[in-house]
Amino acid sequence: MGAAAIAGTRERLQPGQPVVEVQGLGARYGEVSVLEDVDLSIRAGEIHVIMGGSGSGKSTLLRHLLGLNRPAAGTVRLFGQDIGRLGERELLALRKRIGVSFQGGALFSSMTVEDNVAFPLREHTRLDENTIRIMSRMKLEVVNMAGFEDLLPNQLSGGMVKRAALARAIVMDPELLFFDEPSAGLDPVVSAELDELIIRLRDIMKITIVVVTHELESAFKIADRITVLDRGRILMTDTTEAVRATDQGRVQALLQRRPEAQQQDAEDYLQRLTR
Amino acid sequence: MYALTENLGRRVARGIDEFGYAALLLAESLYWLVAGALRGQPVRLRAVVTEMMRIGVAAIPIVAILAFANGVMMALQGVYTLKDFGAESQVIPGLALSITREFGALIVGIVVAGRSGSAIAARIGSMQMSQEIDALRVLGVNPVRYLVAPILLAMLVMVPALTILANLMALTGGGLLCVLKLHFSLATYWEAVIAYLEVSDVIQGLVKSLVFAVLIALVGCTNGFMARGGADGIGHSTTRSVVLCIAAIVIADMLFTLFLSR
């Protein structure tokens, strides 16, 4: 009853139903192809980790999932709606159902932590200031940031920035949460705390969570399923056990952090140098 | 040679690209200013007031000083030039017309371009780099409504207001010099100024200042949104913003004067 009241009229997703569906997605920056023929399906209620090294195209994939980039080919569906075909108004309605925590936090540097968290409520609801205050403090409490409401983003440590950004991302009670590189630039202890927090959020708030990361340890700890992305292509999508046990050479190489053996043709090499 | 033409072509293409971008920004900001409230997403008054403080109120001292100094210089040059003809008192209509029609707006334009054209580009540029603009978009807040529209509206109010101030200060500066050099009273000076001036002269200056306001807002915002490549990129787009703002203002002023003074 409580959850339905918060969710309002929107229908709640059944566990296992696809929330994010990507088909044949392609992306390019100028001449360079960044994503090729990417298919991906993320189910309601799971923590889905998109894993890949730098340059694998995972940030670009995330930008497409958020509707920040228009796909060069293929479709991206969130909650069954093709986001490439939505008008501004429908896109707005859709965006109220998702939360995003960016890599660097992307907190508004001119606002205090509390104002940052309250920002979506102030923009999208007609709640009075008191309620907004209580709701933002509740979310700050969830991410263990109580007591830091009045600080500015530049006064926070790296881990605190991530947690404040997470509070802002969940303040509208989203059904789908994107988390870009939760552990980038954090020490192992803080990073482990964030992992715990992500799992807790899924369990308490029943949010579907998509995490984009290059950290193997954290990926295997939190994920229900993992998608391995390499040079713009998906190598595999499966449960953590299956990914760990796979005999795909390239996936194993990534998991064991083995650098790719460079196939070097002497003539080609000389030509590249002298060109 | 080939590289030269290629480079030139690329620059022209980029220029056209930016021009189109600025035009879209203008159209979209005007749309939000008018229709935002109807769609339940108004341009926030608080943001407009904040921008007005930054752009206008904070610029009052420097505008006042520069305009005053400029008035003194113009009067001085005028008196020396006209002395040869024994027509020193004719300096008054010269001052009155050139200040209200031309220099009041131009001084304000250049000061605001230097202060706010750079600040806007730097602020939006760094928001772009830190993904704050992306954050706005995924939070369902249109960056043009949230960032550009308040700047545009604040410019449209404050630049003409500063121009009125600059007119008064420059005329006062010129007047004080006339009083010292030509030995008539300040009251006589103001009477003469008012007698020579027509409402249309003042309006011409104010219309120009409105155009400058739009140019500064658009050039600053466009350079901010197009900033790429870290701290270096922000430095580059800030410099570019100021240079382009001032160039656009001076050229627009020249075109205006050509058409209006025929």
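1. In this predicted model, strand E3 of chain A is covered on both faces. On one side lie A:Ile47, A:Val49 and A:Met51, and on the other lie A:His48 and A:Ile50, every one of them buried. The strand runs over residues 47–51, and 5 of its 5 residues are buried.

2. The neighbours of E3(A) within its sheet pairing deserve attention next. Strand E8 of chain A, residues 208–213, is joined to E3(A) by 5 bridges, and the two strands run parallel. Within this pairing, A:Val49 has A:Val211 as its bridge partner. E3(A) also pairs with strand E9 of chain A, residues 225–230, through 4 bridges, again in the parallel sense. Here A:Thr227 of E9(A) stands opposite A:Ile50.

3. Two residues of chain A should be checked for their backbone angles. Most residues other than glycine have a negative phi. A:Glu181, which is not glycine, has a positive phi near 45°. This residue sits in the loop that lies between strand E7 (176–180) and helix H7 (188–205) of chain A. A:Glu181 counts as buried because it has 21 C-beta neighbours inside 10 Å, and the cut-off for a buried residue is 20 or more.

4. The second such residue is A:Lys206, whose phi is positive and near 55°. A:Lys206 belongs to the loop between H7 and E8 of chain A. Is A:Lys206 buried or partly exposed? With 14 other C-beta atoms within 10 Å, A:Lys206 is partly exposed.

5. Helix H4 of chain A contains several buried residues: A:Val113, A:Glu114, A:Asn116, A:Val117, A:Ala118, A:Phe119, A:Pro120 and A:Leu121. The cover over these buried residues includes helix H5 (129–142) and helix H6 (158–170) of chain A.

6. How many residues of chain A are in contact with chain B? There are 14, and they meet 10 residues of chain B. On the chain A side, the elements that give two or more residues are helix H3 (88–95) and helix H4 (113–124). The largest share, 4 residues, comes from H4(A). By class, the side of chain A that touches chain B has 9 nonpolar, 2 polar and 3 charged residues.

7. Chain B has 9 helices and 0 strands. Its C-alpha trace spans about 65 × 55 × 35 Å along the principal axes. Chain B has 262 residues, of which 42% count as buried. Among contacts in chain B between residues at least 6 apart in sequence, 85% join residues at least 24 apart.

8. One helix pair of chain B may serve as an example of packing. The axes of helix H8 (residues 199–225) and helix H9 (residues 230–260) of chain B come within 9 Å and cross at roughly 155°. H8(B) and H9(B) are therefore roughly antiparallel to each other, since angles over 145 degrees are classed in this way. Their crossing is right-handed.

9. The contact between these two helices involves many residues. From H8(B), the participants include B:Val211, B:Phe212, B:Leu215 and B:Ile216. From H9(B), they include B:Leu244, B:Cys245, B:Ala248 and B:Ile249. Charged residues also take part, among them B:Lys208 of H8(B) and B:Arg240 of H9(B). Taken by class, the residues of this contact divide into 12 nonpolar, 6 polar and 3 charged.

Terms used: Residues are numbered from 1 along each chain as its sequence is written. Chains are lettered from A and ligands numbered from 1 in the order in which they are written. This is a predicted model: local features need pLDDT of at least 70, side-chain atom pairs count only at pLDDT 80 or more; totals for chains, interfaces and linings use all residues. Two residues are in contact if their C-beta atoms, placed from the backbone, lie within 7 Å. Axes are lines fitted to C-alpha atoms, for helices over the stretch in contact, and angles run from 0 to 180 degrees between N-to-C directions. Angles under 35 degrees count as roughly parallel, over 145 as roughly antiparallel, 65 to 115 as roughly perpendicular and the rest as oblique. A crossing is left-handed if the near helix is turned anticlockwise from the far one by less than a right angle, and right-handed if clockwise. A residue is buried if 20 or more other C-beta atoms lie within 10 Å of its own, exposed if 12 or fewer, and partly exposed in between; C-beta atoms are placed from the backbone. Two strands pair if DSSP finds at least two bridges between them.
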